[in-house]
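Trainee: I would like a close look at a single part of this structure, followed outward to whatever it touches. Please take your time over it and keep the account connected.

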Amino acid sequence: MAYIGIGYSGEQPAFLRDMVSRHSAWLKGDRVPRFFGDSFAVLYDSNTAREFAKKCKDAAEKNSITLYPMERPIP
């Protein structure tokens, strides 16, 4: 299984949690994102997760989103 990590380094501490809340109905088709603090979320790699990552990048301040391809989840 592959995963995508989404890291946020902007000024809004709740940005990722707000994005997940706004898109929760749409994200329910996949596994729910797992948060590690407010600035890092891990999602199962799927087309939906990749689209969500793009939405986060588009909505955030420039250069505040970093995507991490991951082969295994964080234990």
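Mentor: What follows starts from one strand, moves to the loop and helix beside it, and then turns to the core and the charged pairs. The model is a predicted one, and every value below is computed from it.

The part to begin with is strand E1, residues 3–8, where 6 of the 6 residues are buried, so the strand is largely enclosed by the rest of the structure. In a regular strand the side chains alternate between the two faces of the sheet. In E1, Tyr3, Gly5 and Gly7 point one way while Ile4, Ile6 and Tyr8 point the other way, and all of them are buried. E1 pairs with E3 in the antiparallel sense over 5 bridges, and within that pairing Leu43 of E3 is the bridge partner of Ile4. E1 also pairs with E4, again in the antiparallel sense, over 6 bridges, with Gly5 standing opposite Tyr68.

From E3 the chain passes into the loop that leads to H3, and this loop holds both Asp45 and Ser46. Leaving aside neighbours within four places in sequence, Asp45 is in contact with Ala2, Tyr3, Ile4 and Arg50, and its contact with Arg50 is a salt bridge whose closest N and O atoms are 2.7 Å apart. Arg50 itself is partly exposed, with a relative accessible area of 49%. Ser46, by comparison, has a relative accessibility of 16% and therefore counts as buried, the cut-off being under 20%. The side chain of Ser46 reaches the backbone nitrogen of Ala49 at 3.1 Å, and its C-alpha lies 8.2 Å from that of Tyr3, although Ser46 and Tyr3 are 43 residues apart in sequence.

The largest nonpolar core has 16 residues, and those with the most contacts inside it are Ile6, Phe15, Leu16, Phe52, Cys56 and Ile65. The elements that give two or more residues to this core are E1, helix H1 (15–22), E3 and H3. Phe52, once its neighbours within four places in sequence are left aside, is in contact with Ile6, Met19, Val20, His23, Trp26, Leu27 and Leu43; the list thus includes Ile6 of E1 and Leu43 of E3. Val20, which belongs to helix H1, is buried, with a relative accessible area of 12%. Beyond its neighbours within four places in sequence, Val20 is in contact with Leu27, Pro33, Phe35 and Phe52.

Turning to charged groups, side chains of opposite charge can pair when their charged atoms come close. The count comes to 3 salt bridges, among them the pair of Asp45 and Arg50 already described. Arg17 forms another with Asp38, the closest N and O atoms being 2.6 Å apart; this pair links distant parts of the chain, with Arg17 in helix H1 and Asp38 in the loop between strand E2 (34–35) and E3, 21 residues apart. Both partners are partly exposed, Arg17 with a relative accessible area of 34% and Asp38 with 36%. Lys54 and Asp58 also meet in a salt bridge, at 3.0 Å from N to O, and because they are 4 residues apart in helix H3, about one helical turn separates them. Asp58 is exposed, with a relative accessible area of 56%.

Notes. Residues numbered from 1 in each chain as written. Predicted model: local features only at pLDDT ≥ 70, side-chain atom pairs only at ≥ 80, totals over all residues. Heavy atoms only, no water. Buried < 20%, exposed > 50% of the residue type's maximum accessible area, 1.4 Å probe, protein only. Polar contact = N/O pair within 3.5 Å; in protein donor to acceptor, adjacent residues only side chain to side chain. Pairing = 2+ DSSP bridges. Core = buried A, V, L, I, M, F, W, Y, C linked by side-chain atoms within 4.5 Å. Contact = heavy atoms within 4.5 Å. Salt bridge = Lys/Arg side-chain N within 4 Å of Asp/Glu carboxyl O.
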